[in-house]
Amino acid sequence: MTVIVRDFRAADAEASARVQRAALPFLLANAVSVLSETARAHPDARARTVVAEEDGDVIGTAQLGVAHDSPTPGVGDAHVYVHCERRGRGAGSPALRTAEEYLAGIGAARVYTWVQDEPAHRAFAERYGYRPSRSAHFLRLDLSGGMLPPLQRPPAGVEIVPGSAFSDDPRPLFALDAEATADGPGAVEAELTDYDRWLAETWNHPRSRSVILAPAGTSLTCSVKLRRGQAGSVQYQRRLRHTSSSPRSP
């Protein structure tokens with residue numbers, strides 16, 4: 001059986017999402033989100049998606065591009081996913097090699113990737129010269145059982161409002177997101193400066209919803225959720241944004 005690596009096509013969206021979900025069950029992906037991310041990619045990111053195909057079946061995918069929002073030039077990302085049932089068939093290596101060749105050709109001097117914190121996954125990355133830098137953790141709450149934690153009232157002076165309350169002018173949320181992005185932990189620094197792109201990629205994302213906590217004054221906290229239905233289920237991904245203008249603990 002032969003594995004080939006080729007550019008992603010729109011017809012691959014569902015298969016690509018299926019690979020991502022199988023590789024990382026906590027990843028929110030379906031055909032709509034895959035096509036949306038591909039269409040909304042920032043032009044400066046030089047984004048490209050490839051798939052690994054075995055006898056007509058998509059068994060792996062790789063998402064690559066440069067960190068256009070980083071003040072450090074020449075930083076690339078290459079994220080490779082292989083279906084958990086199709087590993088060991090020679091899909092990951094050529095996909096990663098294709099990604100690295102492409103990124104080198106557009107000026108990337110350093111490439112970041114991420115893998116699951118398991119021996120086989122780490123060994124794969126280390127075999128190609130990658131070294132560990134930081135960890136990420138994903139928390140999951142099963143909403144299907146109907147046993148939600150008790151609803152807590154917000155502190156005095158804090159109001160919970162929907163994101164739609166900022167529909168006329170979401171710039172305060174953009175300012176918050178920009179400040180939190182610059183302050184967030186990560187191996188690559190990032191700066192959020194393009195308001196129009198933020199509107200297209202975040203505020204107007206077809207599967208985003210926002211809940212805003214508005215304390216007295218100018219400080220805000222925002223939760224953005226991405227939602228998908230899969231076999232009757234609903235999953236959420238939540239990003240918390242908190243302005244760094246608020247007092248910090250020492």
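**Exercise 1. Locate aspartate 55 in this predicted model and state whether it is buried or exposed.**

Solution. Start with the place: aspartate 55 is found in the loop between β2 and β3 (57–66). Next, take its relative accessible area, which is 54%. The cut-off for exposed is over 50%. Aspartate 55 is therefore exposed. Last, look at the backbone: phi of aspartate 55 is near 50 degrees, a positive value in a residue other than glycine.

**Exercise 2. Do the same for arginine 46: give its loop, its phi and its exposure class.**

Solution. The loop that holds arginine 46 runs between α2 (31–40) and β2 (48–54). Its phi is near 50 degrees, and this positive value again occurs in a residue other than glycine. The relative accessibility of arginine 46 is 43%. Buried needs under 20% and exposed over 50%, with partly exposed in between, so arginine 46 counts as partly exposed.

**Exercise 3. Check the length of helix α5 (residues 171–183) against the expected span, then list its buried residues.**

Solution. Helix α5 has 13 residues. The expected span is 1.5 Å times one less than the number of residues, so α5 should span 18 Å. The C-alpha atoms at its ends are 18 Å apart, which agrees. For the second part, the buried residues of α5 are Leu173, Phe174, Leu176, Asp177, Ala178, Ala180 and Thr181. When reading such a list, recall that an α-helix has 3.6 residues a turn, so residues three or four places apart point the same way.

**Exercise 4. Describe the second largest pocket: its volume, the residues closest to its centre, and which helix gives the most to its lining.**

Solution. The volume is about 520 Å³. The lining has 22 residues, and those closest to the centre are Val80, Val82, Arg87, His121 and Phe124. Now go to the elements: β4 (75–82), α3 (92–105) and α4 (119–127) each supply at least two residues of the lining. Of the elements, α4 gives the most, with 4 residues. Sorted by class, the lining has 12 nonpolar, 7 polar and 3 charged residues.

**Exercise 5. Summarise the protein as a whole: how many helices and strands does it have, and what share of its residues is buried?**

Solution. Count the elements: there are 6 helices and 9 strands. Of the 250 residues in the protein, 36% are buried. The accessible surface comes to about 15400 Å², and carbon and sulfur atoms account for 51% of this surface. Finally, take the contacts between residues at least 6 apart in sequence: 60% of these join residues at least 24 apart.

Terms used
Residues numbered from 1 in each chain as written. Predicted model: local features only at pLDDT ≥ 70, side-chain atom pairs only at ≥ 80, totals over all residues. Heavy atoms only, no water. Buried < 20%, exposed > 50% of the residue type's maximum accessible area, 1.4 Å probe, protein only. Contact = heavy atoms within 4.5 Å. Areas by Shrake-Rupley, 256 points an atom, 1.4 Å probe, with all protein chains shown as cover. 1 Å grid on protein atoms, 1.4 Å probe; cavity = no way out; pocket = protein on both sides within 12 Å on 5 of 7 lines; lining within 4 Å. Points joined across faces, edges and corners; volume = space filled by probe spheres on them. Nonpolar A, V, L, I, M, F, W, Y, C, P; charged D, E, K, R; others polar.
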